[in-house]
Amino acid sequence: LTVPISTIMLALVTATLSIVSPKVGAPKAAIKMSSSRDSMSALDGSMVADYGFDPLNLANVDLNLGSASEKDRSSAYVLRDYREAELRHGRLAMLAALGWPVQELLNPTISRALREPLLLTETAGRSPSVLNGGLEQGPIPITLAVFALAIGAIDLYSLKLKEEQGEAWLPGDFGFDPLNVLGGASRQARRDMQAKEINNGRLAMIAVTIYVLEEAVNKAPITQITPWLFQPLFTNPAVVNFLNDAFSVASGRTG
């Protein structure tokens with residue numbers, strides 16, 4: 001496989017191509033910037049997947065580059081930008097959480113089938129990454145550069161939408177729903193679906209971090225470190241023994 005699966009999936013940042021886009025709603029006009037802003041917070045539970053967890057009070061710290069020239073941004077505007085960043089990273093992480101182990105499992109088989117070099121040899125079966133190495137092999141650098149340009153184009157389009165839509169701009173909403181998953185859905189159903197996307201993205205970000213650290217420390221593929229996570233349940237020895245015992249008991253009762 002000339003181009004690693006996870007390289008493609010990571011670069012696709014299809015943050016923009018998520019079917020479900022959490023809609024935060026327009027910033028609260030009632031929240032005004034003032035000297036007391038640090039004592040205020042936009043985390044009031046109205047935003048999807050807002051559980052009020054902000055121990056470092058980051059919701060009130062404006063790290064957006066635009067804040068250098070726009071000092072009167074409300075907490076609601078700041079939180080909107082953070083939600084956009086969370087969505088993008090969460091969507092990318094969900095792709096990476098899938099692509100990382102899939103590459104390690106399928107790359108050898110596909111490489112043999114296509115008679116292409118096995119790009120995981122240098123990394124001892126681990127996905128190429130900054131810590132694992134292997135990013136300089138074959139078409140990987142060119143692939144990363146091409147997708148980096150594509151990601152930049154997507155970011156520019158996102159900024160354009162934000163400027164054009166103004167108050168109506170919704171973080172992560174690119175109007176992309178080809179399967180009409182949310183067509184006709186009630187407001188509550190939409191919020192539930194949006195919360196699932198955000199929570200799965202948060203979990204994926206943690207999972208990918210664990211992938212990276214475990215492989216860097218153990219020098220082995222994640223699929224070997226925790227094989228039970230990446231194989232069918234019916235092949236797991238413990239499950240097989242359980243089913244055999246259950247079948248034996250059932251057979252004894254009917255015999």
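## Largest pocket

The largest pocket has a volume of about 580 Å³. Its lining counts 21 residues, and Phe53, Asp54, Leu79, Tyr82 and Glu86 are the closest to its centre. This is a predicted model.

Two helices, H2 and H4, each supply at least two residues of the pocket lining. H2 gives the largest share, six residues. By class, the lining of this pocket holds 14 nonpolar, two polar and five charged residues.

## Cavity

One cavity of 30 Å³ or more turns up in a search of the whole structure. The largest cavity encloses about 40 Å³ of space. Helix H2 (75–114) and helix H4 (187–218) are the elements that give two or more residues to its lining.

The lining of the largest cavity consists of Glu86, Leu87, Gly90, Arg91, Met94, Glu197, Ile198, Gly201, Arg202 and Met205. Four of these residues are nonpolar, two are polar and four are charged. Glu86 appears in this lining, and Glu86 is also among the residues closest to the centre of the largest pocket.

## Fold and confidence

The chain has six helices and zero strands. From the N terminus on, its elements read α-α-α-α-α-α. The chain has 255 residues, and 35% of them count as buried. Take the contacts between residues at least 6 apart in sequence: 69% of them join residues at least 24 apart.

Mean pLDDT for the chain is 78, and 79% of the residues reach 70 or more. Over residues 1–40, pLDDT stays under 50. The model has 112 contacts beyond four places in sequence for that stretch. Where pLDDT is low, the predicted coordinates should not be read in detail.

## The end of H2

H2 is bent. The bend is about 45° and falls at leucine 106. A proline, proline 108, follows within four residues. Just after H2, arginine 115 takes a positive phi of about 55°.

Leucine 105 also belongs to helix H2. Is leucine 105 buried, exposed or partly exposed? Leucine 105 counts as partly exposed because its relative accessibility is 42%, and the partly exposed class runs between 20% and 50%. Not counting residues up to four places away in sequence, leucine 105 touches Thr223 and Phe230. Glutamine 224 is 119 residues from leucine 105 in sequence, yet the two C-alpha atoms are 9.7 Å apart in space.

## Proline 221

Proline 221 sits in the loop between H4 and helix H5 (222–225). Why does proline 221 count as buried? Its relative accessible area is 4%, and buried means under 20%.

Which residues does proline 221 touch, not counting those up to four places away in sequence? They are Glu104, Ala124, Gly125, Arg126 and Glu215. Glutamate 104 is one of these contacts. Along the chain, glutamate 104 and proline 221 are 117 residues apart, while 7.1 Å separates their C-alpha atoms.

## Recap

H2 recurs throughout. It supplies six residues to the lining of the largest pocket, and it gives two or more residues to the lining of the largest cavity. H2 also carries the bend at leucine 106 and contains leucine 105. H4 contributes to the lining of the largest cavity and to that of the largest pocket.

Notes
Residues numbered from 1 in each chain as written. Predicted model: local features only at pLDDT ≥ 70, side-chain atom pairs only at ≥ 80, totals over all residues. Heavy atoms only, no water. 1 Å grid on protein atoms, 1.4 Å probe; cavity = no way out; pocket = protein on both sides within 12 Å on 5 of 7 lines; lining within 4 Å. Points joined across faces, edges and corners; volume = space filled by probe spheres on them. Nonpolar A, V, L, I, M, F, W, Y, C, P; charged D, E, K, R; others polar. pLDDT = per-residue confidence, 0-100. Contact = heavy atoms within 4.5 Å. Bend = angle between axes of the 7 residues up to and from the residue. Buried < 20%, exposed > 50% of the residue type's maximum accessible area, 1.4 Å probe, protein only.
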